[in-house]
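Work through the exercises below with the sequence and the 3D structure at hand. Try each task before reading its solution.

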Amino acid sequence: MSTMKEKLHTGEIYAPNDPEILKEQTACLSKLYDFNATRPEEKEKREKLLKEMFAEIGEGCYIEPPFHANFGGKHCHFGNFVYANFNLTAVDDTHIYVGDNTMIGPNVTLASAGHPVYPPLREKGYQFNLPVKIGRNCWLGAGVIVLPGVSIGDNTVVGAGSVVTKDLPAGVVAAGNPCRILREIGEKDKTYYYRDKKIPDELKTQE
């Protein structure tokens, strides 16, 4: 039989107020507090804290404080050169994966935790967790919300304010609530970076 702490990562329903869970969570949140209290010029201190806080964090990552996370990043796995703007909320009760070179706009929420619809269970505070997976070189616009168990493929762009309730494949532009695929990333995107604005020749790259 699984302990409450083990159920964090199995998808089983559990009680998050378990003393063993709360003790670990409080220690993690203490480091998160220190990170958010750093000054803008304390870059090295921020980098050191992130390495202590996260399950994995690659080189060249930048997370703009304030950063919010249920376990202070303990269950977050970030690749290299991930950028997150102000107010990233990582509900990291279980694992959250973000691939290399992904950009995250301000006020984005990556939520791995959910609660039962059945009222008596919710009244007692029960929850369950499902991992969130964001591919490499994605762009999540301002205010995007990614729900538990959702995966987003490589190179995909999610428009501002979207609520991603289901998996998205690689190489698409998607937006809306609920989020839907608008189109694939294609030839036009090699010429125009925004509406009728052309990419300068010197910035075009060969595949």
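**Exercise 1.** Which residue in E19 does Ala174 stand opposite?

*Solution.* This is a predicted model, in which local features need pLDDT of at least 70, side-chain atom pairs count only at pLDDT 80 or more, and totals for chains, interfaces and linings use all residues. Residues are numbered from 1 along each chain as its sequence is written, and side-chain values use heavy atoms, with hydrogens and water left out.

Step 1: find the strands, which are DSSP runs of E with at least two residues, numbered from the N terminus. E18 covers residues 172-175 and E19 covers residues 180-184.
Step 2: check the pairing, which requires at least two DSSP bridges between two strands. E18 and E19 run antiparallel and are joined by 4 bridges.
Step 3: read off the partner: Ala174 stands opposite Ile181.
Step 4: look at the hairpin, where 4 residues lie between the strands and Gly176 has a positive phi near 115°.

**Exercise 2.** In which sense do E16 and E18 pair?

*Solution.* Step 1: locate E16 at residues 157-158.
Step 2: E16 and E18 pair in the parallel sense, over 2 bridges.
Step 3: Val173 in E18 is the bridge partner of Val157.

**Exercise 3.** How many residues has the largest nonpolar core?

*Solution.* Step 1: a nonpolar core is a set of buried (under 20% relative accessible area, 1.4 Å probe, protein chains only) Ala, Val, Leu, Ile, Met, Phe, Trp, Tyr and Cys residues joined through side-chain atoms within 4.5 Å.
Step 2: the largest has 35 residues, and Phe67, Phe78, Val146 and Ile152 have the most contacts inside it.
Step 3: H2 gives the largest share, 3 residues.

Definitions and conventions. Buried < 20%, exposed > 50% of the residue type's maximum accessible area, 1.4 Å probe, protein only.
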